[in-house]
Each structure stands twice: as structure tokens, then as C-alpha cells.
Amino acid sequence: MTGGGARVAAVPRPRTAGWLTAAAFVVLLVWSYRGTQIDLGALVGGEAMRQIGGYLAKLFPPDLSAPTLRAAGVGAVETFAISFVGSLLAVLIAFPLALATDRSLLYRGVLYEGRPPAGARRAVRVGVYAGAKAVLNVLRTIPEIVWALLFVFMVGLGPFPGVLALGFHTGGVLGKLFGEVLEDVDPRPLEALQSTGASRLRILLYGVLPQAMPQFVAYALYRWEVNIRAAAIMGLVGAGGLGQRIHFAISLFLERELLTLILAIYVIVTLVDALSAYLRSKLV
Amino acid sequence: MGGFDSPPMRWSAFPYLLAAAFALTLAASVRVANVDPRLLVDPESLGNVARFVRGMWPPKLAPDFLQLMVRPAIETVQISVVGTAIAIVIGFPLGLLASSSLMWRGVLHEQRVQRRRWLVGLPGYAVARAVLSVLRAIPEYVWAFVFVRAVGLGPFPGVLAIGVAYGGMLGKVYSEILEHVDPRPLETLHASGATRTGVILYGLVPQALPTFVSYTLYRWECAIRASAILGFVGAGGLGQQIELSMRMFQFDEVLTLLMMLFVLVAAVDVVSARIRARLL
């Protein structure tokens, strides 16, 4: 990483710590292997392998009849829409919360040197910071599928609860990432702006955001790639998209239709990955 | 904006095209996804939320319930560990095969290219890339769903799902790390007459290993989140309990389970972050 320039001589790291960590991981692995009661011997060339092989064989050939293809197409478009609107909602949620967790805009750091806000003003601002942090933690901790169950319960079945679920969970994730970007911006331009008498809003607009924007876009695109995968499974709890059709296909033993739907996921995910990579190369 | 000596901006259609495409996609997506913000302030929806929140508080902390939940919580950690281990076993060899610098071009092949060795390397490379792309494009939940059908309920399908999906991601990232190591030490070793194995062992591995370990640990953090959720399709762990409690409208249990999940995820994050900080 960005090494401290003042370090005179590198202190040799104790090698034993590395070995101890490795040993701890081996113990953890053995404990976990026994705990999950899986049998890798049975997997490689045993009963489990035959079961998996038998099931996979039933998936072929994929069902390419017109109604199935249409269902897969509609599902893929719906999944795309859920991921797109959900990611956008996430940015809308994350942006203000990230600003509210930026302590250098609120009460400390170069912008407040010599005249930090005191008393009640400071208490309010620390409160804003802590509150926004807490909201982000809650949004992020609750997995998108639990949000989806909750929103299905609230607004009923369909893609809309899926959008809300992605927006809330990803809003929490992006809020944290955006906040880290904001705290890491180079303070010198901000100081320069401040010395010209610029207001804090102007410092934000002309000092902070131009530095942070490329990172924001990169993170948002990255989360979109995560969300297209998440949107594909929202349907498992009734929140629209390909997942709902996959749920039906599995429950009704329509294996060949299932393969078509999985292929549709592959196509739409690969498409979004490529689109996101292209936009990143153009914008960031 | 625009200093005196900045070059004259050339007009480009790209931003306008991008904005138009964005607006069109957004409008179409909002329609397809049935977005209806009115539902959020609908009295019935709000009533549902109120019922949910009232049901959640206080979280259920009865000792017998907590005791019952220890096992799924431990199982969640164990699934993530074994799943990540399988992901390494799948991802590592595929990642090596999917590295162009190992398979068919670059400093390791300087004399071999002339002997058309890439005829051997290139197909292996292409196949490994294709397999990795399929493994990682299909979400772990779908894998879990398929494996539950194939081998039955329990932690086993969860382990397999994480192993396969994360194997695809690890393999891709491993190959990227291998392709982006600094070539100069490799060239030096090569020039000093080192064998191919020597170049790999003393030039490539020391450069790539810390990043490998660090990224794998990051994936482990993701795996614990995933393993908590895979239970929704019957693959063991806390997710299965969350789903059950949700279906039974026992929201106080849901809150307890979410808090347990939070603690687990935070603990793994801390462990992994500390090890990564030492590595890099």
C-alpha cells in the first residue's frame, strides 16, 4: 500500500505469526469439514456424484420451444429492469447518507482548523454523523433477500419489491463505499478553496465531488454487476424476474425448461458485465 | 473551469448518446419493473410494515430458542469455510490455465512461441476461460437450488454452491493477478538462465501470493454472507431459520437471527481485515 516514507529500516516480520495463522486456518477447515458432515470421498466418484450427474443429465437438451424462450426473454428483461432501477435507487439512497457520514464536511479536519463548531452545533453534527452511520449499517446488514421478503410482505408480489430490496441493501453498501471515498479525497484543493472564502457547499461541489465522482461511478457500476446476479434470484421469494420462473421450473420438475432459464441468466449477466466494463473504461 | 492553456475541447457525441440511452433504459425499466412509489405510502402497506415492526420488538432471546440457533450459526461459518476451500481447489488450476502469460505468450514462452507451443496452450486457455465464465455468471443461489434438488437438503448443497460459484470468481481473479505481475523480475531470471519452473517459483509466485491470499480472504467474507442466505433454498445455516421464522410470522425470531448474522459477518470481517492488513 502507500508505505510510510519515514520508515528507516523494514523490521523483519515474525515468520511464526504467518505459520500460526496458516495452522489456525487448517484447524478451522478440519472443524468445518467435520461439522458440515459432507463426504468428499462420496462426492468424487461416489453416490453424490452420481446424483449430481444424473440430475445434470436430465437438464439436457434445453427446452427451446417458443413459449419457453419467450418466458426466458421476458424474465431476462424483467431481471435487467430490476437490477437497473434497483442500482439507481441505491445510488440515490447512498449519496446523501454518505455526505452525512463525511466528518470532514461536518465538524473536523482542515475545513474546521482553528474554529471547530462548539457546543450544541457540534452535538447536532456528531448526531447526524452517528445516525447516518447507523442507518447505513442496518441497510447493509440485512441481506437483499430478507429485504425482498419484507417488501413482498409490504407491497405484494412482483418486481417492485425486488427493486426496493436491491435499492435498500445496495444503498447501505454503496453508502459505506462512497463515505470511504469522501474521507480519502486530497484535502489540499479543499483548503485552497476555503482560503478563497468559498462556502462549504462550494467546497463540496468544486473540491470534493470532482475528486470523488470517478470512484463513485466505478463503485456504482461494480454493484450493478452484483445486482444483476441478485435480481436473478429475487423471484425465489416472489419478487419477480427470472428467479420466479426458475422457482416454478424446479418445483414442477421442468428440468429442460430450467436449463433454458439458467442460460438466460448467463446471457443477461454476461451482457451486464460487459456493458459495465465498457462504461467503466469510458467514464472512469 | 477551463484554464487558459487547456486544449480546446473537441465536441463528442458520446455523453449525449450515453445520457439518451440512460434515460430510455430508465424509463423502460421503470415500466417493466412496475415501479409504483404510491404503494409505499398506501395505508395498507404501512399497516403491514407497522405489524412487522411491532412483531419484531423485542427480539426473542429465550434461552431455549438461542440454544437451538447456535447450531445453524456454527453451520453458517462451516459452510463458508469448506465452500471457500472447494472454491480454491476449483479456481486455482482453472486460474492457471486461464492465464495467457502462463499458457501461450510472454516472457515464459520466448523460445517456445517459435515452436508453435501456443497451439497447445491456447485451446486450454480458451476452455478454462469459458468454464470460469459459466461458473461465475450463474449466481450461487441458483447453484444451491440445483444442488438441493440433486443431493437433498442440508449444508452439502450450500458448500457445493459456494465452491462452484466462487471457484469461478477466484479463478478469474487469480488469472488476472498472474497476468499483471511485474514482468521485469521474470525477465531477469530468464536472462540468468533459470528454467521455466525456476522463473515461476522465484519470479511469479512471490509476487502473486500475497494478492492471492488477500483476495481469497475477501471472498471468504462474501461467502459467509452467501452461506447465511443459501438456507432460503434449503441449503442449511441461518438462512433456513430466517426463512422458517418469516413464513411463520415470528418476526421477533427474525430480528434475533439477523442480529446473530450481523455478529458473525462482523467477526469474519475483522479477522479477515487483520490478516489482509499484515499481508499487503
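**Exercise 1.** How many residues of chain B are in contact with how many residues of chain A?

*Solution.* The structure is a predicted model, in which local features need pLDDT of at least 70 and side-chain atom pairs count only at pLDDT 80 or more, while totals for chains, interfaces and linings use all residues. Residues are numbered from 1 along each chain as its sequence is written, and chains are lettered from A, with ligands numbered from 1, in the order in which they are written. Taking two residues to be in contact if their C-beta atoms, placed from the backbone, lie within 7 Å, we find that 47 residues of chain B meet 46 residues of chain A. On the chain B side, the largest share, eight residues, belongs to helix H4 (residues 63-97) of chain B, where a helix is a DSSP run of H or I with at least four residues, numbered from the N terminus.

**Exercise 2.** What are the radius of gyration and the box of chain A?

*Solution.* The radius of gyration, taken over C-alpha atoms, is 25 Å for chain A, whereas a compact globule of 284 residues would have one near 19 Å, by the rule of 2.2 Å times the number of residues to the power 0.38. Along the principal axes, the C-alpha atoms of chain A fill a box of roughly 70 × 50 × 40 Å.

**Exercise 3.** Which residues does A:Ala148 touch, not counting residues up to four places away in sequence?

*Solution.* With that exclusion, A:Ala148 touches A:Pro161, A:Gly162, A:Ala165, A:Met234, A:Val237 and A:Ala239. As for the make-up of its chain, chain A has 12 helices and zero strands.

Definitions and conventions:
Helix = DSSP H or I, 4+ residues; strand = E, 2+ residues; numbered from the N terminus.
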